[in-house]
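Biologist: I would like a close look at the charged side chains in this model. Please take one part and work outward from there.

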Amino acid sequence: QKDVIQLKDYVFRAGENPAHRIIKNVYENIDNNSPESYSSYKCRYYSKSFFSSDVINDSLTNLAFLDTTTQKTEEDLGLFAFLSRQHIFLMESVIERFYKQKDRLYERVIASKISGFSDPIFHLLTTELKSFSFYSDCFYILGTPFENPIFDKKFKNYYFSLQDTLYDGADTIFVVGFKPFPDKHFRALTGEIYVHSNQWAVQRVVVMPIFDTPRISILIEQNYHCLDSNRWFPSESNAKSSIDINPIVSYPISGYFRSLYSDVEIGIPIKNSLFVGGELYVDTKQVDIKQSDLLLNQYRQDTIDERDKNTYLLWDTITQSVNLDKFIYVLR
């Protein structure tokens, strides 16, 4: 039979935020896990950058667009048809990266393919978009420093929350969310950090900078993997930057950026003379197209698709009749 039982009241008072212990451990192990803490390293990475829109590349946004096509303008529908065939712009490259303490960095483009342009300035899209790793006190996005939550040692600027606990064999992965306190005003980030209990290393981070304008948004994801028992290194980086150009079209145009890191060597001898003359080097001579294609095919993890091919084909056709490179000084 039914019965009613009145339970005693209990009051729970929070002690230390459990996420704080995890973030403290990450901070205390920065020197063990940061790529910049290694005496030297060398790696290669394949980079792909293109401009398109989420109405093409995101399945849910695509469905929402197709469900409301009768409400779209001719400009919206025309751009949708164009982006269904190809991207607005496409660039691929393979870059060698050399690092030696303290903060000596050199990158060399060894293969590239750019739709319509040959000027090397476009490689800055890859190298200057974001910081290489999430272990410095400021995380740079498009040259602007944002305060890294890992370095909020007194937990005065960011609120942390333990969101999930995952398992990797005998190790644990803690998912910690972070966001700035509402009464704080600084260059802040929001997102999640995946912390691996092996060396308390960052395994994955997803961040968004907080801008004053809603017309611009940037989402960055970085993944790390353990090379051996105790040394971590970036494995993949993805970024998306969206710009709302309404009323020209009713949906944002986005830039998509991906880097895949491989051929990592740590602690190798590197001559100091390599770092003289700047951080990024692109051979301004005509690049051997066949050699570039071979390297790009080697370091791509997936095959080039029809939209990629159509983008290269269209821009190659345009540049035969219009010299676009002479206008690049404006962009510079």
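Biologist: Start with Lys184: is it buried, partly exposed or exposed, and what is its relative accessibility?

Modeller: This is a predicted model, so read every value as computed from it. Lys184 counts as partly exposed, because its relative accessibility is 33%. The cut-offs explain the label: buried means under 20%, exposed means over 50%, and partly exposed lies in between. Lys184 sits in a loop, with strand E7 (171-180) on one side and strand E8 (189-196) on the other. It also belongs to a positive surface patch, together with Lys153, Lys154 and Lys156. Residues in such a patch have over 30% relative accessible area and no salt bridge.

Now turn to charges that do pair. Side chains of opposite charge can pair when their charged atoms come close. The whole structure holds 12 salt bridges. Three of the pairs, and one network, follow.

Take Asp308 and Lys48. Their side chains form a salt bridge, with N to O at 2.9 Å. Asp308 is in helix H8 (residues 306-321) and Lys48 is in strand E1 (residues 40-52), so this pair ties together parts 260 residues apart in sequence. Asp308 and Lys48 are both buried.

Next comes Lys240 with Asp54. The closest N and O atoms of this salt bridge are 2.6 Å apart. Lys240 belongs to strand E11 (residues 232-243) and Asp54 to helix H3 (residues 54-57), so the bridge ties together parts 186 residues apart in sequence. The two partners fall in separate classes of burial. Lys240 counts as partly exposed, because its relative accessibility is 23%. Asp54 is buried, because its relative accessible area is 17%.

The third pair is Glu107 and Arg97. Their side chains meet in a salt bridge of 2.6 Å, N to O. Here the link runs from strand to strand: Glu107 lies in E3 (residues 104-114) and Arg97 in E2 (residues 89-100), so the tied parts are 10 residues apart in sequence. Glu107 is at 5% relative accessibility and therefore counts as buried. Arg97 is at 8%, so it counts as buried too.

Last, the network. Salt bridges link Arg44, Glu96 and Arg108.

To return to the starting point: Lys184 is partly exposed, and its charge is part of a positive surface patch. Asp308 and Lys48, by contrast, are buried and meet each other in a salt bridge.

Definitions and conventions:
Residues numbered from 1 in each chain as written. Predicted model: local features only at pLDDT ≥ 70, side-chain atom pairs only at ≥ 80, totals over all residues. Heavy atoms only, no water. Patch = residues over 30% accessible without salt bridge, like charges linked within 9 Å, V, L, I, M, F, W, Y side chains within 5 Å. Areas by Shrake-Rupley, 256 points an atom, 1.4 Å probe, with all protein chains shown as cover. Salt bridge = Lys/Arg side-chain N within 4 Å of Asp/Glu carboxyl O. Lys, Arg positive; Asp, Glu negative; His and termini not counted. Charge placed at Lys NZ, Arg CZ, Asp CG, Glu CD. Helix = DSSP H or I, 4+ residues; strand = E, 2+ residues; numbered from the N terminus. Buried < 20%, exposed > 50% of the residue type's maximum accessible area, 1.4 Å probe, protein only.
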